[in-house]
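Colleague: I'm new to this one, so could you walk me through it? Let's take it a question at a time.

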Amino acid sequence: MRTWTEARGKRVVARRSGGWCETCDLQQAHDWHHRLNRSQGGTWAPSNGLHVCRPCHDWIGLWPVSALERGWHLEPHEDPRRARVWLARHGWSLLHDSGDVDRLDVAHTHHW
């Protein structure tokens, strides 16, 4: 298993996002958000990170239940590589540590 440094994880996630917020796709992203908090065993692996704008990062913190429903926040027992996440550009997806995104339901995307 690869050990992810903060710098490497952030580079892969920034490349995946193209510099735009992965949760709204309306603003440039400048923040990294851990889906599984570091205090709960979360790492800097790209599957555990989202590249988000400041307003979305704040929103995730203010609305944890809604963030959990969207996969932007995970429970301690969840594996980020296997937990689906809602991405503005892709809909429901799985994130890979390579930076790839697997779209789960291309035909039925839902915009929040």
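Modeller: Gladly! Keep in mind that this is a predicted model. A good place to begin is with two tryptophans, W86 and W92, which are both buried.

Colleague: How are the rings of W86 and W92 arranged, and what is the angle between their planes?

Modeller: A pair of aromatic rings is described by the distance of the centres and the angle of the planes. For W86 and W92, the centres are 5.6 Å apart. Planes over 60 degrees apart count as edge-to-face, and this pair is edge-to-face at 70 degrees.

Colleague: Which charged residue sits over the ring of W92?

Modeller: Look for a charged end 3.7 Å from the centre of the W92 ring. It belongs to an arginine, R84.

Colleague: How many aromatic pairs does the structure hold, and how are the rings of W32 and W44 set to each other?

Modeller: The structure holds three aromatic pairs. In the pair of W32 and W44, the ring centres are 5.1 Å apart and the planes meet at 50 degrees, so this pair is tilted. W32 belongs to strand β1 and W44 to the loop between β1 and β2, so the pair ties together parts that are 12 residues apart in sequence. Like the other two tryptophans we met, W32 and W44 are both buried, and the word for how their rings are set is tilted.

Colleague: Which strands are joined to β4 by bridges?

Modeller: On one side, three bridges link β4 to an antiparallel partner, β3, and L87 has G91 as its bridge partner there. Three bridges also link β4 to another antiparallel strand, with L95 opposite V101. The strands joined to β4 are therefore β3 and β5.

Colleague: Is β4 mostly covered or mostly open, and how many of its residues are buried?

Modeller: Strand β4 spans residues 91–95 and is mostly covered. Of its five residues, the number buried is four.

Colleague: Which element gives the most residues to the largest nonpolar core?

Modeller: That core has 13 residues, and L50, W72 and V85 have the most contacts inside it. At least two residues come from each of β2, α2, β3 and β4. The element that gives the most, with three residues, is β3.

Colleague: Which residues does V85 touch beyond its neighbours in sequence?

Modeller: Leaving aside neighbours within four places in sequence, V85 is in contact with residues including R35, R70, G71 and S93. The contacts of V85 also include L50, W72, G91, W92 and L95.

Technical notes: Residues numbered from 1 in each chain as written. Predicted model: local features only at pLDDT ≥ 70, side-chain atom pairs only at ≥ 80, totals over all residues. Heavy atoms only, no water. Buried < 20%, exposed > 50% of the residue type's maximum accessible area, 1.4 Å probe, protein only. Pairing = 2+ DSSP bridges. Phe/Tyr/Trp six-rings, centres within 6.5 Å; stacked < 30°, edge-to-face > 60°. Lys NZ or Arg CZ within 6 Å of the ring centre and 35° of its normal. Core = buried A, V, L, I, M, F, W, Y, C linked by side-chain atoms within 4.5 Å. Contact = heavy atoms within 4.5 Å.
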